[in-house]
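I opened this notebook to record what I looked up, contact by contact, before doing anything else with the coordinates. The entries below follow the order in which I went through them.

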Amino acid sequence: MYRFLLTPRWWGINVFAVLAIPFCIFMGSWQLSRFEDRVDTHRQQEDRSAQAKAAAARPLDSLLPVDKVTSGRQASARGHYDTEHQLLVPDRTLKDKHGERQGFYVLTLLRTDHGKALPVVRGWLPGDADAKADTAKVPAPPKGEVTVTGALQASENQGTDGVQAGGGLPHGQLGMISAASLVNIAPYDVYDAWITLTDPQAPLQPVPPAAAEGSGLDLKAFQNLGYTGEWFVFAGFVVFMWFRLFRRDSEAARDAALGLLPEPDGREVAAGSAGAADEPVGARDVAAEVADGSVEARDVAAGAADGSVGAPDVAAGAAGGLTGQERGGAAGVGRG
């Protein structure tokens, strides 16, 4: 009864199911592992952030390049501020006990003893970077040689929150904190990193360090979790369709073995009967049947009497169906 499983069609179905189900399970497990890795990395980052706040600051060069381990660590650098290259970073949101507030960063380049410049976010101010009343509150940076300490951060990119990578900002503003954005502004080399001061000047407020890229429970992490469910659903769908096709073909094979054939639809039979009833009977066919004796004359006469067969048609057909001899005999009988 299951010989249909050996047909080329079922060979293709079986091969597809055998390959598709393990593939879907593998992809779902891989996406789940990606989500678990992000959760573990997020927890480790939180632990490192707590340790970094309590740990002593280390020299900047010993923490470069910035990665998931060194991001958020307290770094120190010595040099003097370049007051001619102080920039405002507009449309930055600060989250604190008061909620989310809109404002701007105050960024000043620090010329280190090594000659390279370090972007230093000295703090955050509420307001609009285009409003003179708000920018007038920005305090001047300290003069002379200073030592700065703050949380180390990696350069921003187009996917960072608040970044304006499209350009078109007024002079003195910066849309993205990165060495690539500062290369055409500063006439010297810039570190591919920046720090946010822990204890800024008043009225500036400290900017909390952001989690390292790929270490937080962001939208991508939950996308991995969603993809996990999708792949497992695909695997279950393949199993469901295989059993549904198998059940349909096995029932058809069993019915064929028992000689059970599906009966025609009753509506089709009724429609065929109606079509046959509506079809008129040709007078020449009736006359032909009368001529060869298959229909008796009295039956034809009865049909003509009740109107089911037209008398003139029958007469004409009958006359046309007689032979010459019979017509002559009929004429003699008429005269007699």
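**Entry 1: a salt bridge along H4.** I began with glutamate 251, which is partly exposed with a relative accessible area of 33%. I note at once that the model is a predicted one. The partner of glutamate 251 is arginine 247, and the closest N and O atoms of this salt bridge are 3.3 Å apart. Arginine 247 counts as exposed, because its relative accessibility of 57% lies over the 50% cut-off. I then checked the spacing along the chain: the two residues are four apart in helix H4, which means that about one helical turn separates arginine 247 from glutamate 251.

**Entry 2: the neighbouring charges.** I next looked up arginine 248 and aspartate 249, whose side chains meet in a salt bridge at 3.4 Å, N to O. Which residues are joined into one network by salt bridges that share partners? They are Arg9, Arg248 and Asp249. For the accessibility of this pair, I wrote down that arginine 248 is partly exposed at 47%, whereas aspartate 249 is buried at 14%, a value under the 20% cut-off.

**Entry 3: a salt bridge between strands.** The structure holds six salt bridges, and I wanted one that lies outside the helices. Arginine 78 and glutamate 145 form a salt bridge through their side chains, with 3.4 Å from N to O. Arginine 78 belongs to strand E2 (residues 74–96) and glutamate 145 to strand E5 (residues 145–154), so this contact ties together parts that are 67 residues apart in sequence. Both ends have some accessible area: arginine 78 is partly exposed at 41%, and glutamate 145 is partly exposed at 47%. As a general reminder to myself, side chains of opposite charge can pair when their charged atoms come close.

**Entry 4: the helix H4 itself.** I checked the span of H4, which has 40 residues and reaches 59 Å from its first C-alpha to its last, close to the 58 Å expected at 1.5 Å a residue. Its buried residues include Ala221, Asn224, Thr228, Ala235 and Val238, and further along Phe246, Asp249 and Ser250. Just after H4, glycine 259 takes a positive phi of about 75 degrees.

**Entry 5: aromatic pairs.** How many aromatic pairs does the structure hold? I found nine of them. One is formed by phenylalanine 4 and phenylalanine 246, a tilted pair with 5.9 Å centre to centre and 45 degrees between the planes. Phenylalanine 4 sits in the segment before H1, while phenylalanine 246 sits in helix H4 (residues 219–258), so the pair ties together parts that are 242 residues apart in sequence. Phenylalanine 4 and phenylalanine 246 are both buried.

I then turned to phenylalanine 23 and tryptophan 231, an edge-to-face pair at 5.6 Å centre to centre with 90 degrees between the planes. This pair also links distant parts of the chain, with phenylalanine 23 in helix H1 and tryptophan 231 in helix H4, 208 residues apart. Here I recorded phenylalanine 23 as partly exposed, with a relative accessible area of 45%, and tryptophan 231 as partly exposed, with 21%. I also noted the cluster that ring pairs make of Phe4, Trp10, Trp242, Phe243 and Phe246.

**Entry 6: a charge over a ring, and a loop.** Arginine 111 lies over the face of tyrosine 188, at 4.0 Å from the ring centre. I then looked up glycine 115, which lies in the loop between strand E3 (99–112) and strand E4 (117–126) and is partly exposed, with a relative accessible area of 31%. From glycine 115 to valine 190 I read 9.1 Å, C-alpha to C-alpha, for two residues that are 75 apart in sequence.

**Entry 7: a nonpolar surface patch.** Which residues form a nonpolar patch on the surface? They are Leu6, Trp11, Val15, Val18 and Leu19, and together they have about 570 Å² of accessible area. I followed up one of them, valine 15, which is found in helix H1 (residues 8–54) and counts as partly exposed at 43% relative accessibility.

Note on methods:
Residues numbered from 1 in each chain as written. Predicted model: local features only at pLDDT ≥ 70, side-chain atom pairs only at ≥ 80, totals over all residues. Heavy atoms only, no water. Patch = residues over 30% accessible without salt bridge, like charges linked within 9 Å, V, L, I, M, F, W, Y side chains within 5 Å. Areas by Shrake-Rupley, 256 points an atom, 1.4 Å probe, with all protein chains shown as cover. Salt bridge = Lys/Arg side-chain N within 4 Å of Asp/Glu carboxyl O. Buried < 20%, exposed > 50% of the residue type's maximum accessible area, 1.4 Å probe, protein only. Phe/Tyr/Trp six-rings, centres within 6.5 Å; stacked < 30°, edge-to-face > 60°. Lys NZ or Arg CZ within 6 Å of the ring centre and 35° of its normal. Expected span 1.5 Å × (residues − 1).
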